[in-house]
Amino acid sequence: MSTASAWELAIKVEAGKLAVDIRRLFAGLQTHGVRVLGIGIDDGIDAAALTWKNRDPFNRILVAQTNRSGLRLLTRDRAILNFDAVESLLA
């Protein structure tokens, strides 16, 4: 689970667009073995360098992290799913 995902969800909760206890959600995920993937300098540089018209900073950092780590990205975001330069799966 990327730190970027927690950050984005927390923003949505604060804006009233999502009703969930973020701390409890992520604590539960970690209890079940989900590891946290922090955001590094190289992730930011790679996110900026993507040849992708999508300007959403959360999408860009998730794609960069996925590519750098060799992981698959689980998402419902069609913009990411339609981007060929990342291995993604519909969540």
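**Group meeting talk: a predicted chain, from its end to its core**

Let me begin at the far end, with Ala91, which sits in the segment after β2 (88-90); here helices (H or I, at least four residues) and strands (E, at least two) are DSSP runs, numbered from the N terminus. What you see is a predicted model, in which local features need pLDDT of at least 70 and side-chain atom pairs count only at pLDDT 80 or more, while totals for chains, interfaces and linings use all residues. Residues are numbered from 1 along each chain as its sequence is written, and side-chain values use heavy atoms, with hydrogens and water left out.

Is Ala91 buried or exposed, or something in between? With a relative accessible area of 47%, Ala91 is partly exposed, where buried means under 20%, exposed over 50%, and partly exposed in between, using a 1.4 Å probe and protein chains only. If we set aside residues up to four places away in sequence, Ala91 touches Leu74, Thr75 and Arg76, a contact being heavy atoms within 4.5 Å. Ala91 and Gln65, which are 26 residues apart in sequence, lie 17 Å apart in space from C-alpha to C-alpha.

Now let us step back to the whole chain. The protein chain has five helices and two strands, and from the N terminus on they run α-α-α-α-β-α-β. Its radius of gyration is 13 Å, close to the 12 Å that the globule rule gives for 91 residues, so the chain is as compact as a globular protein of that length; the radius is taken over C-alpha atoms, and the rule is 2.2 Å times the number of residues to the power 0.38. Of the 91 residues, 27% count as buried.

Where, then, is the largest nonpolar core, and which residues have the most contacts inside it? This core has 13 residues, and those with the most contacts inside it are Trp52, Val63, Ile80 and Phe83; a nonpolar core is a set of buried Ala, Val, Leu, Ile, Met, Phe, Trp, Tyr and Cys residues joined through side-chain atoms within 4.5 Å. The largest share of this core, five residues, comes from α4. Not counting residues up to four places away in sequence, Val63 touches Leu50, Trp52, Ile80, Phe83 and Val86.

That brings us to α4 itself. The 13 residues of α4 should span 18 Å at 1.5 Å a residue, and its end C-alpha atoms are indeed 18 Å apart, the expected span being 1.5 Å times one less than the number of residues. The buried residues of α4 include Phe58, Ile61, Leu62 and Val63, but also Asn59 and Arg60, and what covers its buried residues includes α1, α3, β1 (73-75) and α5 (78-81). At the start of α4, a side-chain oxygen of Asp56 reaches to within 2.7 Å of the backbone nitrogen of Phe58, and after the helix comes Gly70, whose phi is positive, near 75 degrees.

Helix α1 (residues 3-14) can be described in a similar way. At its start, a side-chain oxygen of Ser2 reaches to within 3.0 Å of the backbone nitrogen of Ala4, and just after α1, Gly16 takes a positive phi of about 80 degrees.

My last stop is Asn54, in the loop between α3 (41-49) and α4 (57-69). Asn54 counts as buried because its relative accessibility is 16%, and, leaving aside neighbours within four places in sequence, Asn54 is in contact with Asn59, Arg60 and Ala79.

Technical notes: Polar contact = N/O pair within 3.5 Å; in protein donor to acceptor, adjacent residues only side chain to side chain.
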